[in-house]
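Visitor: I've got a sequence and a model open on the bench computer. Could you walk me through them?

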Amino acid sequence: MQIYTDMKMIESARAAWLSGAAQRSRRRRFKDFTYGRQWGDYCRSTDGRRMTERQRMEEEGRIPITNNIIRQMVKSIVGRYRYLSVQASMKEGEAPLGMLARALEGSAGEQADIDARSLEEFLISGTVIQRLGEERAEAVSLERFFYRPFTRSDGSDCRLMGMLHDMSPAEVIARFAGGDPRRAAAVKEAFGRESGAGHSLFASEGEGNIEFDRPSMPGTWRVVELWEKVGSEWLEVYDPFTRVTGFEEPEALGRLEALNRARKSVGSEPLEWEHVARECWRERWLAPDGTLIKETRGGEPPFVMRFYPMIDGEVHSLVEDVVDQQKYVNRLISLLDHIISSSAKGVLLYPSDQLPDGFTWRDLRRIWSTPNGIMPYKRTARGVSPEQVHTGSAVGAGAADMLRTQLQLFEEISGSTGALRGSSASAAGEGMFRAELENATISLLDVLAAFRAFIRQRDVEMDAIRVYNENDRNYAES
């Protein structure tokens, strides 16, 4: 295939990439909250400056404290899913201890671990994407995936999708040059034509700052994989004389009609044809400057996806539901810490003329700060006897009550109760604990069922790939 530039297709891919900027930004925010970076939202200071919440807290002399309960929620749900997956594969009569041992040994294989990470992504962003292979499916980050908007949660009505790859120069030449030295030179020229086309010196800073034109991995070239569903028309022609079916472009209709008139004049059977219109996928691999390095027609995109809940095209994750509660919990804990640290405590008002004989102020400070310390003094009346001095700490009782309320609301909104995490203060007895655990699992049933539907769809498509490749191998051997 001749290498040429297709600016229309690279601009279509770029437009699809840019349209997903808002979703990628929201995903990065939810990911930050999940992994403990929870003070990065922007706000306004009292003088109108724009800064992060952490910067504002530090400027006000307070310590931003993080109590990451979102991460615990995500780990509990992923752990419960893996536990249930192994439980579903248990043999009848198998002991629970054997089930746990099998789960720890990873008896379901490497794909089970990939699926667990995909579920974590599903809880964080509301999306899960995997790239299909014959042996296993690999997780695809939303940072590298792009698509045109669609309405079905499984993406079955999507008409354009693609992925950004970072490949080493050797891999690019091996995959797309086809062993032709002239073509290899053309591929190298395409990727070296512009400074932003993929030179490692222009690599972006990590997966969270991916750019369309530049690789994020040093020493690599950016390659754009693009799949587009296009309509095709042709004439399916049958020749009764040779009993052969062929295909012609629609523009060949006039020539076929002339040929039939000629056949009719000599008494030969005429050609028969049918106009066929069908949509098929077209696969393209491009350099960032639009240079087309590979193109094929037919086949199916190697991606399987699930977007949740996909109401009117919108995606909302489980983590999104509890972000506000997490922020408020952090604020209340920081407030309580500030109240305790700023309350008057450990300060002693001591008359200067009451210092005991032989004591210095340093001695007095040491004894006062030592637990169970004894301070001698001269009594001024006979009724005075030794006494224990103690004071209560100043705490914000109202703030503590609000914190308990927010933690309770977090559990109710997320469905991640103590029973789901393996502990419950409210359940008395095994029966009540099991009932509470079942209720907690039911509240998460919709999310887990959506992910399970994705797994079933993935497995069906992987089986189809295996059958197709096996048929190909048998045909080649015969």
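What follows is a chat about the model, one question at a time.

Visitor: Before we get into details, what average pLDDT does the protein have?
Guide: Keep in mind that this is a predicted model, so confidence is worth a look, given that pLDDT is the predictor's confidence in each residue. Of the residues, 79% score at least 70, and the protein's average pLDDT is 83.

Visitor: And which stretch has a pLDDT below 50?
Guide: That stretch still has 19 contacts in the model beyond near neighbours in sequence. Its pLDDT, though, is below 50, and the stretch is residues 194-201.

Visitor: How many helices and strands are there in the protein?
Guide: The chain has 478 residues, with 37% of them counted as buried. As for contacts with a separation of 6 or more, residues 24 or more positions apart account for 66%. The count you asked for is 14 helices and 14 strands.

Visitor: Let's do helix packing. How are helix 2 and helix 6 oriented to each other: roughly parallel, roughly antiparallel, roughly perpendicular or oblique?
Guide: Helix 2 covers residues 21-34 and helix 6 covers residues 110-125, and their axes come within 9 Å. The axes cross at roughly 110°, and angles of 65 to 115 degrees count as roughly perpendicular. The two helices are therefore roughly perpendicular.

Visitor: Which residues of helix 6 meet helix 2?
Guide: The crossing of these two helices is right-handed. On the helix 2 side you'll find Arg27, Phe30, Lys31 and Thr34, and they meet Glu121, Ile124 and Ser125 in helix 6. By class, the contact has two nonpolar, two polar and three charged residues. So, for helix 6, the names to click on are Glu121, Ile124 and Ser125.

Visitor: How does helix 4 sit against helix 6: roughly perpendicular or oblique?
Guide: Helix 4 spans residues 69-88, and its axis comes within 10 Å of the axis of helix 6, with a crossing of roughly 140°. Angles over 145 would count as roughly antiparallel and 65 to 115 as roughly perpendicular. The crossing fits neither range, which makes helix 4 and helix 6 oblique.

Visitor: How many charged residues are in the contact of helix 4 with helix 6?
Guide: This crossing is right-handed. Helix 4 brings Arg71, Val74, Ile77, Val78, Tyr81 and Arg82, while helix 6 brings Ala112, Asp113, Ala116, Arg117, Leu119, Glu120 and Leu123. Sorted by class, they give eight nonpolar, no polar and, for the charged ones, five.

Visitor: Now helix 7 and helix 8. Which residues of helix 7 meet helix 8?
Guide: Helix 8 is residues 181-192, and its axis comes within 10 Å of the helix 7 axis, crossing at roughly 135°. That makes the pair oblique, and the crossing is right-handed. Helix 8 contributes Arg183, Ala184, Val187, Lys188 and Phe191, and the helix 7 residues they meet are Val172, Ile173 and Phe176.

Visitor: Is Val172 buried or exposed?
Guide: Val172 lies in helix 7, residues 169-176. Leaving aside neighbours within four places in sequence, Val172 is in contact with Met167, Ala177, Val187, Phe191, Trp221 and Val223. Its relative accessible area is 0%, and the cut-off is under 20%, so Val172 counts as buried.

Visitor: How far apart are Val172 and Val187 in space?
Guide: Along the sequence, Val172 and Val187 are 15 residues apart. Val187 is also among the contacts of Val172. C-alpha to C-alpha, the two are separated by 8.1 Å.

Visitor: On to backbone oddities. Which peptide bond is cis?
Guide: The proline to look for is in strand 13, residues 309-311. With omega near -10°, the cis bond runs from Tyr308 to Pro309.

Visitor: Met310 and Arg243 each have a positive phi. Which of them is exposed?
Guide: Met310, in strand 13, has a phi of about 60° without being a glycine, and its relative accessible area of 9% makes it buried. Arg243 isn't a glycine either, and its phi is about 55°; it sits in the loop between strand 8 (221-239) and strand 9 (244-248). Exposed means over 50%, and at 70% relative accessibility the exposed one is Arg243.

Methods
Residues numbered from 1 in each chain as written. Predicted model: local features only at pLDDT ≥ 70, side-chain atom pairs only at ≥ 80, totals over all residues. Heavy atoms only, no water. Helix = DSSP H or I, 4+ residues; strand = E, 2+ residues; numbered from the N terminus. Buried < 20%, exposed > 50% of the residue type's maximum accessible area, 1.4 Å probe, protein only. Axes fitted to C-alpha atoms, helices over the stretch in contact; angles between N-to-C directions. Parallel < 35°, antiparallel > 145°, perpendicular 65-115°, else oblique. Left-handed = near helix turned anticlockwise from the far one by under 90°. Contact = heavy atoms within 4.5 Å. Nonpolar A, V, L, I, M, F, W, Y, C, P; charged D, E, K, R; others polar. pLDDT = per-residue confidence, 0-100.
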